[in-house]
Amino acid sequence: MKVNLLDLKAQYHTIEEEVNKAIKEVLESSHFIMGPNVKKLEEEIAEYTGVKYGIGVANGTDALMLTLKALGIGEGDEVITTPFTFFASAETTSVVGATPVFADIEKDTLCIDPDSIEKNINERTKAIIPVHIFGQMCDMDRIMEIANKHNLIVIEDACQAIGAEYKGKRAGSIGHVACYSFFPTKNLGGYGDGGMIVTDNKELADKIKLLRVHGSKVKYHHEAIGHNSRLDEMQAAVLRVKLKYIDKWNNSRGEHAHTYNELLKDLDVVLPTERENCKHVYHLYTIQSSKRDEIIEHLKENGVASGIYYPIPVHLQEVYKHLGYKQGDIPNAEDACTKTFALPLYPEMTREQQKYVVTKIKEFFQNK
Ligand SMILES: *Cc1c(COP(=O)(O)O)cnc(C)c1O
């Protein structure tokens, strides 16, 4: 049996007719840039999140970059984030000229640790970017408490977590502003790049809207130096179809994750933990083992894909050498990078596929 990490084609086939119709409508309308689907998707995602404004942009990275820029964060400023994430969570801080500062993560959830955030705050700190890693929300009560105490902005990196909940509140609705990615492999993925910013702050939303189209409100009149970072109409049309299914798909991910937990419980691997009173949407189902690389090799030999998330913590990336971090500075994140890996998980996955994956992991431990 062959099991992929995910299967976008299987998902496409479940919504093929609807998606084809939506794309055809865009083609027939010939309204390819900033058309009605972008506007409607912005409203629908804002409503889904539980906030007032949505601003569609070209991708999740631009969502973060434009947000930082609109907040006036730049040279001399520091932004605290986690090193256990996709590079863009920190990269965007550097793109706007500010400096990323890395806090450690909680050993169990792998989310940024509020205590470590607090230790890294100084007079240059302007914002915190908690990343809801693998689809589980950070400890937002504590993070907001710290942010309010020190007068800091909280930008939720919800790129992996649309639909996740923290004590009844959706990802993206607790911080001052939040960013989504619609990269094809994300829980809500387009058929190309896409992203969105959501916020209750009208002034900030207006500023971001300005920056996404060349600093212009009225064509050929420019009041700021901006970017070309619009969400594509075709992607918006696809995403509007997919948004209808996001809860169903997220719930399937959760069920498959719990099946894995049950099937793997007697093995010598660390299973993912869920924060109390929260909904984890399992963008990735990750486990930990000090024998990670050997397990991955054995799975590969048997047709099972898996993925290392993340092989190198961001603070030890080559490009950030000048920041002066050394091995050992951020122990939990570094440790997670040596042990964590993702097993195949997607909504359309079958129980037979899951059982096969687990059988192969069991086999690995029996042959040891
Ligand atoms: C995917 C991702 C991004 C970047 O999104 P793109 O749409 O690929 O630019 C940022 N942060 C996190 C945590 C992500 O997973």
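**Reading helix packing, odd backbone spots and a ligand site**

Modeller: Start with one crossing: helix 10 and helix 13 cross in a right-handed way. Keep in mind that this is a predicted model.

Colleague: How do I describe two packed helices?

Modeller: Two numbers do it: the angle between the axes and the distance between them. For helix 10 (residues 246-264) and helix 13, the axes come within 10 Å and cross at roughly 35°.

Colleague: Which residues make the contact of helix 10 with helix 13?

Modeller: Helix 10 supplies His256, Thr259, Tyr260, Leu263 and Leu264. From helix 13 come Arg351, Gln354, Lys355, Val357, Val358, Ile361 and Lys362. Sorted by class, this contact has 6 nonpolar, 3 polar and 3 charged residues.

Colleague: What is the angle between helix 11 and helix 13?

Modeller: About 125°. Helix 11 spans residues 292-301 and helix 13 spans residues 351-366. Their axes are 10 Å apart. Helix 11 and helix 13 are therefore oblique to each other. Their crossing is right-handed.

Colleague: Which side chains should I look for between helix 11 and helix 13?

Modeller: On helix 11, pick out Glu294, Ile295, His298 and Leu299. They meet Val357, Lys360, Ile361, Glu363, Phe364 and Phe365 of helix 13. The contact comprises 6 nonpolar, 1 polar and 3 charged residues. Val357 and Ile361 of helix 13 also belong to the contact with helix 10.

Colleague: Now helix 3 and helix 9. At what angle do they pack?

Modeller: At about 40°, with the axes 8 Å apart. Helix 3 covers residues 36-49, and helix 9 covers residues 233-243. That angle makes helix 3 oblique to helix 9. The crossing is left-handed. On the helix 3 side, the contact uses Pro36, Asn37, Val38, Lys40, Leu41, Glu44, Ile45 and Tyr48. Helix 9 answers with Glu233, Ala236, Ala237, Leu239, Arg240 and Leu243. The count is 9 nonpolar, 1 polar and 4 charged.

Colleague: Let us turn to the backbone. Which residues does a cis peptide bond join?

Modeller: Tyr309 and Tyr310. Read omega: here it is about -5°. To find the spot, go to the loop between strand 14 (307-308) and helix 12 (331-339), where Tyr310 lies.

Colleague: Which residue has a positive phi although it is not a glycine?

Modeller: Phe134, with phi at about 65°. Phe134 also sits in a loop, between strand 4 (125-129) and helix 7 (140-150).

Colleague: Last, the ligand. How many residues are around it, and which come nearest?

Modeller: There are 15 around the ligand. Gly60, Thr61, Asp157, Ser181 and Lys186 come nearest.

Colleague: Where are the polar contacts of the ligand's oxygen atoms with Gly60, Thr61 and Gln160?

Modeller: Check whether the protein atom is in the backbone or in a side chain. At Gly60, a polar backbone atom is 2.8 Å from an oxygen atom of the ligand. At Thr61, an N or O atom of the side chain is 2.5 Å from a ligand oxygen. Gln160 also uses an N or O atom of its side chain, 2.9 Å from an oxygen atom of the ligand.

Technical notes:
Residues numbered from 1 in each chain as written. Predicted model: local features only at pLDDT ≥ 70, side-chain atom pairs only at ≥ 80, totals over all residues. Heavy atoms only, no water. Axes fitted to C-alpha atoms, helices over the stretch in contact; angles between N-to-C directions. Helix = DSSP H or I, 4+ residues; strand = E, 2+ residues; numbered from the N terminus. Parallel < 35°, antiparallel > 145°, perpendicular 65-115°, else oblique. Left-handed = near helix turned anticlockwise from the far one by under 90°. Contact = heavy atoms within 4.5 Å. Nonpolar A, V, L, I, M, F, W, Y, C, P; charged D, E, K, R; others polar. Near = heavy atom within 4 Å. Polar contact = N/O pair within 3.5 Å; in protein donor to acceptor, adjacent residues only side chain to side chain.
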